Amino acid sequence: MQTIAYNGENAYLLLNNSNKIQIVNRYNFKKLGEITSQLNTPRFMAFANNNLYVTNDKYGGDKFVSIYKTSDLSFVKKINFTDNVERIVAVNNNIFVQNASFGFGNKISYITTSNNEVQSTITLPSGNINKMIAYNQSVYAIAAGTTDSYVYQISNTGTITKTYTLTGITDATNLEIEKGKMYFSSGLKVYAMDLTATTVPSAPLFTVANSIDPYSNLYGFSVVNDRIFVSDANGFTEDSKITVYSTAGSILKTFTAGKGSNGVYGN
């Protein structure tokens, strides 16, 4: 399973390799429905204007957003892209699509849900986007550079309103925001920074242990209810190791999860 998204009492489970989305009750996980049409290597989901929006990015193939009604799961429309499509978020009933994946790309598409058309394209001035999220009616994108990295705040109408320059921090990624504080990583280091801060942190909050496989390090990174969850994918051959940190950086507990665990969700 690639990702989970919530809409009311329903949870949408996106199965990337199976090209399907299963809908279940988020509390008892009883199946309520399934989407299988117009999906080709789906990646992420968002909800706006009573619709479900899904990014699809087939390696070497089609790249598009497929749209479905949440009322009956019927297909509405496909929006095609030439650039990659990865994460997707909803802000103020508008949709934003990250046209970047695997550390390549610096564009975000803004879709108005009244007509489901691309309204504009936002090009970030520096760095390649590693992750885009929504927080407090704004879009935030973390972009990696070879010397510095950047976090961009984007309004719900597609305008860059603030730039955080992460001076001296290279290849920043894994952006999460909770209670007015940003959390992100660079290499094995995890940083915390207030949204009101004017300078970058002088030291990381903590440093994770090096994995047996460099691609396993920080494979999953989530901040939920004042807890930081870090997943070590353990070479993708064994169960993942999950380490839970406090927001002060101390280890609270560790446990194992399934192979390739990439996220934690509050319910």
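Here is a friendly exchange between two people about a predicted model.

Colleague: Let's start with strand S6; how many of its residues are buried?
Modeller: In this predicted model, one side of S6 carries Asn51, Tyr53, Thr55 and Asp57, and these are buried. Leu52, Val54 and Asn56 on the other side are buried too, which leaves both faces covered. The count of buried residues in S6 is therefore seven of seven, under the cut-off of 20% relative accessible area.

Colleague: Nice. Why do those residues split into two sets?
Modeller: In a regular strand, side chains alternate between the two faces of the sheet. In S6, one set is Asn51, Tyr53, Thr55 and Asp57. The other set is Leu52, Val54 and Asn56. The reason for such a split is the alternation of side chains between the two faces.

Colleague: Which residue of S7 is the bridge partner of Asn56?
Modeller: S6 pairs with strand S7, residues 63-69, in the antiparallel sense, and seven bridges join them. On the other flank, S5 and S6 are also antiparallel, over five bridges, and there Pro42 stands opposite Asn56. In S7, the partner of Asn56 is Phe64.

Colleague: And the turn between S6 and S7: which residue there has a positive phi?
Modeller: S6 and S7 make a hairpin, with five residues between the two strands. One residue in that turn has a positive phi of about 75 degrees, and that residue is Gly60.

Colleague: What about the hairpin of S5 and S6; which residue in its turn has a positive phi of about 50 degrees?
Modeller: Two residues lie between S5 and S6 in this hairpin. Asn50, in the loop between S5 (42-48) and S6 (51-57), has a positive phi of about 65 degrees although it is not a glycine. The residue in the turn with about 50 degrees is Asn49.

Colleague: Is Asn50 itself buried or exposed?
Modeller: Asn50 sits in the loop between S5 and S6. Its relative accessibility is 62%, and the cut-off for this class is over 50%, so Asn50 counts as exposed.

Colleague: I also noticed Lys179. Is it buried or exposed?
Modeller: Lys179 is found in the loop between strand S17 (173-178) and strand S18 (181-186). Its phi is near 50 degrees, a positive value in a residue other than glycine. With a relative accessible area of 63%, Lys179 is exposed.

Colleague: S17 belongs to a sheet, then; which strands stand at its edges?
Modeller: Four strands make up an open sheet in the order S17-S18-S19-S20, with antiparallel pairing. Two of them each have a single partner strand, so one side of each is left without a neighbour in the sheet. Those edge strands are S17 and S20 (206-207).

Colleague: Which residue in S20 stands opposite Val190?
Modeller: Strand S19, residues 189-194, runs antiparallel to S20, and two bridges join them. Opposite Val190, in S20, stands Phe206.

Colleague: Let's turn to the second largest pocket. Which strand gives the most residues to its lining?
Modeller: This pocket has a volume of about 240 Å³. Of its 19 lining residues, the closest to its centre are Gly260, Ser261, Asn262, Gly263 and Val264. Strands S1 (3-7), S21 (220-224) and S22 (227-232) are the elements that give two or more residues. The top contributor, with three residues, is S21.

Colleague: How many of the lining residues are charged?
Modeller: The lining of the second largest pocket holds eight nonpolar and ten polar residues. The number of charged residues is one.

Colleague: How exposed is Arg227?
Modeller: Arg227 is found in strand S22. Beyond its sequence neighbours within four places, Arg227 is in contact with Ser222, Val244, Tyr245, Thr247 and Leu252. At 36% relative accessibility, Arg227 is partly exposed.

Colleague: Last one: which backbone oxygen does the side chain of Asn267 reach?
Modeller: Asn267 lies in the segment after strand S24 (251-257) and is exposed, at 54% relative accessible area. Leaving out residues up to four places away in sequence, Asn267 touches Tyr6, Arg26 and Tyr27. At 2.6 Å, its side chain reaches the backbone oxygen of Arg26.

Notes
Residues numbered from 1 in each chain as written. Predicted model: local features only at pLDDT ≥ 70, side-chain atom pairs only at ≥ 80, totals over all residues. Heavy atoms only, no water. Buried < 20%, exposed > 50% of the residue type's maximum accessible area, 1.4 Å probe, protein only. Contact = heavy atoms within 4.5 Å. Polar contact = N/O pair within 3.5 Å; in protein donor to acceptor, adjacent residues only side chain to side chain. 1 Å grid on protein atoms, 1.4 Å probe; cavity = no way out; pocket = protein on both sides within 12 Å on 5 of 7 lines; lining within 4 Å. Points joined across faces, edges and corners; volume = space filled by probe spheres on them. Nonpolar A, V, L, I, M, F, W, Y, C, P; charged D, E, K, R; others polar. Pairing = 2+ DSSP bridges.
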